[in-house]
Amino acid sequence: MFHKKLLALIGGVMALALLSAQPVLAQEDRGDTETSDRASGNVRGDRVLPGRISDGARERRDRRNQEREQEEAAAKAAATPEENRAAAQAVLTAAGVACQVSEATLLGGTAEQHSTYEAVCAEGPGYLAVSSTPPQTFNCLELAGQAETSRLRDPTADVGQQCTLPVNLDPVPVLSAYARAASIDCTVDQGAAIGKSTAGNIIFEIGCADRDGYWLEKAEGSWKATPCWDLALEQEACRYSTAAETQGAWKTILAGTDAADCDVQQARRVGRDAQGLTVYEVKCGAGNGFFARVGTTFTAQRVHNCIEAATIAGGCTLTAAAPATSEQ
């Protein structure tokens, strides 16, 4: 009996020793496995979470963008100013654009491997020129005008690529030349392309220093000018002319006539007469009124008070004319 108890006790002690040794052996085995894996090039680590994969993809994308920007910068640095000017000239000439390129810069390439240039022209507006087939060109003045219109509607609007060379950012010299071609005698201090006419021609607005401005449109090779005071009669507001400048234009229109002292409060366009003059009715602050026949220089050729104009196109409607006396 004693021998049986002794054997059982020895067996229990051995089992306990084996159980306590297992974690140590397991740990030693894992260490050996990791050592073996590292030696063979198979590294075991933590599982990569989906978020970490997204971060890595973002980093790779940013790295690719940075590399592309560096490549474009290197391409710009590699090309000489003369080479850029010649390349831009070739694109504009192929597109049929009348521009003698005086300066050009390579902006970069498109996804289709076409080069994009910004060119300054010796006369007229600058252009963005893309060496695609067929070539594409974009007028800097028109791009800037579209951007301004878009930002007036939404200050955060994406206006796309714009011209950036200093000469192309100043519209005044180009618009001053357009004003002279349209026989407009004013010092242009502001301006922009504001849209297109129903005929598809670009309309430019110019602001004049201390006086009323104009809309300019080139149609069939010649320039047409419409003053802002005339546009105001159609409820068209000019961006670069104040209400006071528009109203004050009538002083110049009526100067040297019997209506020179009229401080115009209201006006309307009546129509055209047989000589091609545009007829307007004006109402003066003193209560009297006139019909004014205005020529292409926007000055009155003749005026008629409302009594004299009683039989012209239905007579005055803004002013109640006094009945004519026997002498009149």
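In this predicted model, strand 7 and strand 8 run antiparallel to each other and are paired over 6 bridges. That makes a good place to start a tour of the sheet, before turning to the disulfides.

**The hairpin and its sheet**

Trp 215 has Thr 226 of strand 8 as its bridge partner. Between strand 7 and strand 8 there are 2 residues, and the two strands form a hairpin. Look at Glu 220 in that turn: its phi is positive, at about 55°.

The hairpin belongs to an open sheet of 4 strands, ordered 5-6-7-8 and paired in the antiparallel sense. Which strands stand at the edges? They are strand 5 (188-196) and strand 8 (222-227), and each has a single partner strand, so one side of each lacks a neighbour in the sheet. From one strand to the next, the twist averages 25°.

At the other end of the strand order, strand 5 pairs with strand 6 (residues 202-208), again in the antiparallel sense, over 7 bridges. Within this pairing you can pick out Ala 192, whose bridge partner in strand 6 is Glu 205.

Two helices meet this sheet. Helix 4 (residues 140-153) packs on it and touches strand 5 and strand 6. The direction of helix 4 makes about 80° with that of strand 5. Helix 5 (residues 172-181) lies across strand 5, strand 6, strand 7 (211-219) and strand 8. Helix 5 also runs at about 80° to strand 5.

**The disulfides**

How many disulfides does the model contain? With sulfur atoms within 2.5 Å taken as the rule, the count comes to 6. When the bonded cysteines of the protein chain are numbered in sequence order, the pairing reads 1-2, 3-4, 5-6, 7-8, 9-10, 11-12. Three of the links are set out here.

| Disulfide | S to S distance | Torsion about the S-S bond |
|---|---|---|
| Cys 99 and Cys 121 | 1.9 Å | about -105° |
| Cys 228 and Cys 238 | 2.1 Å | -100° |
| Cys 262 and Cys 284 | 2.0 Å | about -110° |

Take the link of Cys 99 and Cys 121: its torsion is about -105°, so this disulfide is left-handed. Cys 99 sits in the loop between helix 3 (81-94) and strand 1 (101-109), while Cys 121 belongs to strand 2 (residues 115-121), so the pair ties together parts 22 residues apart in sequence. Are these cysteines buried or exposed? Both Cys 99 and Cys 121 are buried.

The link of Cys 228 and Cys 238 is left-handed too, with -100° about the S-S bond. Cys 228 lies in helix 6 (residues 228-232) and Cys 238 in the loop between helix 6 and helix 7 (243-254), so this pair joins parts that are 10 residues apart in sequence. Cys 228 and Cys 238 are both buried.

For Cys 262 and Cys 284, the torsion of about -110° again makes the disulfide left-handed. Where do its two ends lie? Cys 262 is found in the loop between helix 7 and strand 9 (264-272), and Cys 284 in strand 10 (residues 278-284). This pair links distant parts of the chain, 22 residues apart. Cys 262 is buried, as is Cys 284.

Methods:
Residues are numbered from 1 along each chain as its sequence is written. This is a predicted model: local features need pLDDT of at least 70, side-chain atom pairs count only at pLDDT 80 or more; totals for chains, interfaces and linings use all residues. Side-chain values use heavy atoms; hydrogens and water are left out. Buried means under 20% relative accessible area, exposed over 50%, partly exposed in between (1.4 Å probe, protein chains only). Two strands pair if DSSP finds at least two bridges between them. Axes are lines fitted to C-alpha atoms, for helices over the stretch in contact, and angles run from 0 to 180 degrees between N-to-C directions. Contact means heavy atoms within 4.5 Å.
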